[in-house]
Amino acid sequence: AWTFGGVDPGTGTASLLEVARVLGTMAKTGWRPARSIALAFWDAEEFGLIGSTEYAEQLRRQLQQQLIMYVNTDMYMKGRLDPGGVPSLRDFVIDVARDVPQDSSTVLALWRRSAWERTSPAQRIGLAGEFVPALKNLGSGADFVPFQDHLGIPSLSMEFIGANGYGFGTYHSNYDSRAYVERIADPGFAQGVTMVGMLGTLALRMANAEVVPFRFTPYAQALVAALDTTPHRQRARNALVQARLLDSAVTRALARGTVTAARARSLNDRLARLEQHLTDDAGHVDSKWYRHVFYGWNIYSLYDGQPFPGLAEAQRLRDDARVTREMARIGGALDRMIVELRAARALALAL
C-alpha cells in the first residue's frame, strides 16, 4: 500500500487470508481438491507490480504448463461486484455469483441490476429478459498484468465497489485506515463475507470441475463486435461458429453424466491453454513484453483495459506500417483461435 491501506489492499488481504483459513480447515478433515489451489500475496505492487512480475517471469514455463486460472483481488467495499477478466470466464463468474448471497439477494442479482442501470437505452433494446452482464476488460494497476498480458493465463479480477466507484474518497491517502473500513467501507465486515464466498467458490469449482468451465462463445461474440468493421470480420465470425459448436459439445457431454477427469484430461488441457495461443512475441520493440494480442493496456487507458492494445497504439501514432503489422498479429491470433476451438470440439465430441 502507499499508506495504511485499510481498503487497498487491507480488505483484499483479509479476504485472501480468510479463504486460506477455510481451505486449511477443510484440508484438516482429509479433503483435497482435484487440482491444486495456490494462494499468493505480492510485494511492491504500487511500485510497479514488481513482486508478481518477478514471479511470472522467473516461473514462466512452469506457470504456462500448469496454471489454469489466475484470480486477483485488491480490495472490496460495501457495494456491487465489479469483475473483470477474459470473456471465456464470463459464464463461470455468473454461475458462481448466482450462488453467493448478498444483502438478502445474490451477488448476481445485484450485479445484474447495477449493470442494467449503467446500460444506455439504445443498448437495452431487445435485452430486457436476457440481459447478461459482461466482464470488463482488464487494464493495468494490479497484479493480473503479468499473468494475462505476458503469460497469456486466463485471469479474473474480483472487487466490490461503492456508489462512487474507485474514487471512494480515501483512496491512496492517509485516511485509508482500518477505522475507515470498520465505519464506512464495510461495517461489521459483512461485505468481506461475500467476497470470501466469491473467491472460495471460484477456487473450489475450478479446482474440482470435470471439464474446466471455459466457454468461448462470449469471447468470440466480443471479438465479432470489436472487429465488425475491419478486414478480420469474417475470421471473427468463423471463430464464433466454432466457439458455439465447442460449447454445445461440452454441454452435451456434461449432460450425459459420463465425463470423468481421466477422459477429459486432454480437453481440459486444451481449454486451459487456448488463451496462450492468443499471445505472440511479434509486438513492437517498446511494448513486446505485453504479449496478448486481443487484450491489454496502454498508458492512455490508465486503469481501463485496452482492446487490441498494439493496434490502438499504432493508430494513435498514425504509423501505417505499424498498423499493418498489428492487423497481421490480430489475424494470426484469430486463425490460431479457430484451430484450437476446432481441436477442442473434436475432443469434446469424443467424451
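The largest pocket has a volume of about 1,400 Å³. The model is predicted. Fifty residues, written here as 50, line this pocket. Nearest the centre of the largest pocket lie Ala38, Leu67, Met69, Tyr70 and Val71. Five elements are listed as giving two or more residues to this lining: α1 (10–28), α3 (60–66), β1 (70–72), α9 (190–208) and α12 (261–273). Helix α9 gives the most, with six residues. By class, the lining of the largest pocket holds 30 nonpolar residues, nine polar and eleven charged.

The second largest pocket encloses about 950 Å³ of space. Its lining is made up of 30 residues. Arg90, Val132, Pro133, Ala134 and Leu135 are the closest to the centre of the second largest pocket. The elements that give two or more residues to this lining are α5 (107–117) and α10 (217–227). The top contribution comes from α10, with six residues. Nonpolar residues number 19 in the lining of the second largest pocket, against five polar and six charged.

A nonpolar patch was also found on the surface. Trp2, Phe47 and Ile50 form this patch. Together, the three side chains' residues have about 330 Å² of accessible area. Ile50 belongs to helix α2, which spans residues 50–58. The relative accessible area of Ile50 is 34%, so Ile50 is classed as partly exposed. This value also passes the patch cut-off of over 30% relative accessible area.

Conventions:
Residues are numbered from 1 along each chain as its sequence is written. This is a predicted model: local features need pLDDT of at least 70, side-chain atom pairs count only at pLDDT 80 or more; totals for chains, interfaces and linings use all residues. Side-chain values use heavy atoms; hydrogens and water are left out. Patches are made of residues with over 30% relative accessible area and no salt bridge: like charges are joined within 9 Å, nonpolar side chains (Val, Leu, Ile, Met, Phe, Trp, Tyr) within 5 Å. Accessible areas come from the Shrake-Rupley method with a 1.4 Å probe; for residues, only the protein chains shown count as cover. A salt bridge is a side-chain nitrogen of Lys or Arg within 4 Å of a carboxyl oxygen of Asp or Glu. Helices (H or I, at least four residues) and strands (E, at least two) are DSSP runs, numbered from the N terminus. Buried means under 20% relative accessible area, exposed over 50%, partly exposed in between (1.4 Å probe, protein chains only). On a 1 Å grid over the protein atoms alone, a cavity is a set of points where a 1.4 Å probe fits but cannot get out, and a pocket is an open set with protein on both sides within 12 Å along at least five of seven lines; lining residues have an atom within 4 Å of a point. Grid points are joined across faces, edges and corners, and a volume is the space filled by probe spheres set on the points. Ala, Val, Leu, Ile, Met, Phe, Trp, Tyr, Cys and Pro count as nonpolar, Asp, Glu, Lys and Arg as charged, and the others, Gly among them, as polar.
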